[in-house]
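This report describes how one helix and the nonpolar cores are arranged in a predicted model. The sequence and structure are shown first, and the description follows.

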Amino acid sequence: MIRKANVSDINELSDDFSTQVEMMNTINDDSSSVFVYDSDNEIKGYIISQIFSHGQEKICCIEQLYVAKEARNNHIGSEMISFVREFASDMGCETFMIGIWVNEIAAEKICSSFGFSSDILKINL
C-alpha cells in the first residue's frame, strides 16, 4: 500500500540523524509530498515529489525514489512512480519530471518504461 508519509515513519526511512532531520523538514513542507510503500507495517520504499509553477505551467518533479535492497525487483518503484503521476494529475500538473544521476542504469530503465526521455542535461559547477 502506498500512503502519505508521516513523522512517525522517519526512523524507518533512515537511521542517519541528518537524513532524519531533512526528511522531517520535507514531510512538513507544503510544497513537497513524501509517500511510502508500506507492506505489512514495514516500509519498503519512499518517493519524494515537489509541485511548483513555472510561468503558467504546473510541474511535478520526483526528487527521490528509494526501494530497500531486499524489496527490489518487485515493481515497487514503478508502483510509486505511477502513484505520484496520478497524484500530480489530480493536482492539476501539466508536466511530470524525474531527476536521476548519470549512469544509474536501473533508474534509466524504469524511467524509459514510463516514457521519460533523457534530453535534460546537467553539468557540475
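## The buried side of α3

In this predicted model, the residues of α3 that are buried, each having under 20% relative accessible area, are I76, G77, M80, I81, V84 and A88. They lie on the same side of α3, because the arc that they cover around the axis is only 135°. The buried residues of α3 pack against β1 (2–4), β2, β3, β4, β5 and α4.

The face of α3 turned away from this buried side carries E86, S89 and D90, which are exposed.

## Length and end of α3

With 15 residues, α3 reaches 21 Å from its first C-alpha to its last, which is close to the 21 Å expected at 1.5 Å a residue. The helix is followed by G92, whose phi is positive, near 90°.

## The nonpolar cores

In soluble globular proteins, nonpolar side chains tend to be buried together. The largest nonpolar core here has 22 residues, and those with the most contacts inside it are I47, C60, I62, M80, I81, V84 and F96. Two or more residues of this core come from each of β2 (32–39), β3 (42–54), β4 (57–67), α3 (76–90), β5 (95–98) and α4 (105–113), and α3 gives the most, with five residues.

Leaving aside residues up to four places away in sequence, F96 touches C60, I62, I81, V84, R85, A88 and F116. A second, separate core has ten residues, including V34, I43, Y46 and I48.

Technical notes:
Residues numbered from 1 in each chain as written. Predicted model: local features only at pLDDT ≥ 70, side-chain atom pairs only at ≥ 80, totals over all residues. Heavy atoms only, no water. Core = buried A, V, L, I, M, F, W, Y, C linked by side-chain atoms within 4.5 Å. Buried < 20%, exposed > 50% of the residue type's maximum accessible area, 1.4 Å probe, protein only. Helix = DSSP H or I, 4+ residues; strand = E, 2+ residues; numbered from the N terminus. Contact = heavy atoms within 4.5 Å. Expected span 1.5 Å × (residues − 1). Arc of directions from axis to C-beta.
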